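Me: I would like to understand how the words used for a protein model are justified. Could we go through some of them, setting each value against its definition?

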Amino acid sequence: MSSSGIWKNLKFLFKFVVDNFLSVVTVPIAAATIVLVARLGPDEILGRLRALTPAYLFLSCFLPACAVTMYLLSQPRKVCLVDYACFHGTHLNRVPFSAFLECARQSTTLNERSIRFMSRLLESSGLGEETCLPTPVHYIPWKKYLTLEAAREEAELVVFSAIDELFSKTNVCPDTIDILVVNCSGFNPTPSFIDMIINKYKLRGDIRSVHLSGMGCSAGLISVEAARNLLQTARRGARALVVSTETLSPLLYDGNERAMLLPFCLFRMGGAAVLLSTSTAKARLQLMSVVRTLTAADDNSYKCIHREEDDKGHTGVNLSKDLIAAAGRTLKANITTLAPIILPISEKLLFAMSFMAQKLSSGRSKVYIPNFLTAIEHFCIHAGGTAVIDEVQRNLSLSNEHVEPSRMTLHRFGNTSSSSTWYELAYIEAKGRMHRSDRVWMIGFGSGFKCNSVVWKCIAPAPNTNGPWAGCIHRYPVQIKSPKTSTGNTRMAGHNNKQLRDT
């Protein structure tokens, strides 16, 4: 056997012993105890028990029982995902590139230079021809139809479609919902989203509700955490409805600032409704970990995604040149917090040993990079753009198959903001890749700058593949045209900054 083969076997043996240390130690002790008791015989065992004083016998049974009871009571309740549903639109909402650009050409404010920029951006964006935009974009001139009523209609179409499908799949009666959490960043009507949903489905008057706004694409995972915290204080078996969406009509930009045209070209209609519960009945996934990282104390991070007016008074979302650096810092901080929670002991020990070796060798040895594939089977990376997916893939050393759900979601649905990770989870299940005990890592990014992680464990795979990918999953994966830029950080920065510099 070669030296590499021996090293591989030793590494496998090390990980097996360390990760299963308790089993390796307790199994021999338990076996030895059973053998010893079997040799004593029943009469000798009863004799030794009679020799114990009643107080000693009582304490030896009572104290461990109390300790176990207190431990169980101190543990947080399990929060499980019962089911979820995503908005998938119809052919009436579909906007091919040609239609999108034709509507843009009819705008009285967009110049030809901006049209050329948008055309090049769409070609290298990773989006396909079946993404959806709200009704006003289908009209010429579209700016005339961007009314408050149009925004309400878009919100109701997306949200009600997702909730209707969720209630249909779960057979849950709306009046059994105890908690309602909704997130939408750019559209905050009066009455609110919460009131709109309660009125539509006649939810109970004592329902506990939260509406999150202004948190960008990461708000969907923040909503999951908010629902989890509320479920901890609710009755056992309580149900929480989480709705994640972004209403695009109020956010469409019609100016010529290129940093503001980027989100205008990438964002598409989308939404998801998720049912959580502290009951494991009919549950499909168990919530394992939630980690939030916020770097808004840093001015550059705070302003890297900023909604503002350009010099002509047109409102849009500005993506600054500091976005890439802010995303990298925040992702690194989030991973640093999450890694000790989800990684097996062997990976933690290898990292600690390599870290000490580097310190002792004055930096001559490299620090071991933990292998997250030992803890996670599936990854749902926010489909914010090809550059975002590329950067996370590079940092986590993921294969193309691991990031396939994110790339295909971007192609089929575009950047659906806070709901994108649910489309990616639906892709994994539609492909039949989810198995019992598999773990899923959802990663979301948003303004502020935020990076949020949610880890799920599969209890039972999806019984069917009906969902946003029904009717099209057989066509995926597809080949996606890559922008002609370099890889890694240079590729991510170049993809955005080159587009902004081009004339």
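Reply: What follows is a set of questions and answers about this structure, which is a predicted model.

Me: Why are helices H6 and H10 called oblique to each other?

Reply: The axes of H6 (residues 112-123) and H10 (residues 258-266) come within 10 Å and cross at roughly 45°. Angles under 35 degrees count as roughly parallel, and 65 to 115 as roughly perpendicular, and because the crossing of these two helices belongs to neither class, H6 and H10 are oblique to each other. The crossing of H6 and H10 is also right-handed.

Me: Which residues make the contact between H6 and H10, and how do they divide by type?

Reply: On H6 the contact is made by Arg-113, Ser-114, Phe-117, Met-118, Arg-120, Leu-121 and Leu-122, and on H10 by Arg-258, Leu-261, Leu-262, Phe-264 and Cys-265. They divide into eight nonpolar, one polar and three charged residues. Ser-114 is in the contact and counts as polar, since serine is neither on the nonpolar list nor on the charged one.

Me: What makes strands E3 and E9 edge strands of the sheet?

Reply: Nine strands form an open sheet in the order E3-E2-E4-E5-E1-E6-E11-E10-E9, with mixed pairing. E3 (208-212) and E9 (378-381) each have a single partner strand, so one side of each is left without a neighbour in the sheet. From one strand to the next, the twist averages 20°.

Me: How do you know that E9 and E10 pair?

Reply: Two strands pair if at least two bridges are found between them, and four bridges join E9 to E10 (residues 439-446), so the condition is met, and these two strands run parallel. One of the bridges has Phe-379 with Trp-441 of E10 as its partner.

Me: What makes E7 and E8 a pair as well?

Reply: The same definition applies: E7 (residues 305-309) and E8 (residues 315-319) are joined over five bridges, in the antiparallel sense. In E8, Asn-318 is the bridge partner of His-306. The hairpin of E7 and E8 has five residues between the strands, and there Gly-313 takes a positive phi near 90°.

Me: Why is the pair of Arg-475 and Glu-130 called a salt bridge?

Reply: The closest N and O atoms of Arg-475 and Glu-130 are 2.5 Å apart, and because the cut-off is 4 Å, the pair qualifies as a salt bridge. The pair links distant parts of the chain, 345 residues apart, with Arg-475 in the loop between E11 (450-458) and H17 (488-501) and Glu-130 in the loop between H6 and H7 (148-170). The structure holds 15 salt bridges.

Technical notes: Residues numbered from 1 in each chain as written. Predicted model: local features only at pLDDT ≥ 70, side-chain atom pairs only at ≥ 80, totals over all residues. Heavy atoms only, no water. Axes fitted to C-alpha atoms, helices over the stretch in contact; angles between N-to-C directions. Parallel < 35°, antiparallel > 145°, perpendicular 65-115°, else oblique. Left-handed = near helix turned anticlockwise from the far one by under 90°. Contact = heavy atoms within 4.5 Å. Salt bridge = Lys/Arg side-chain N within 4 Å of Asp/Glu carboxyl O.
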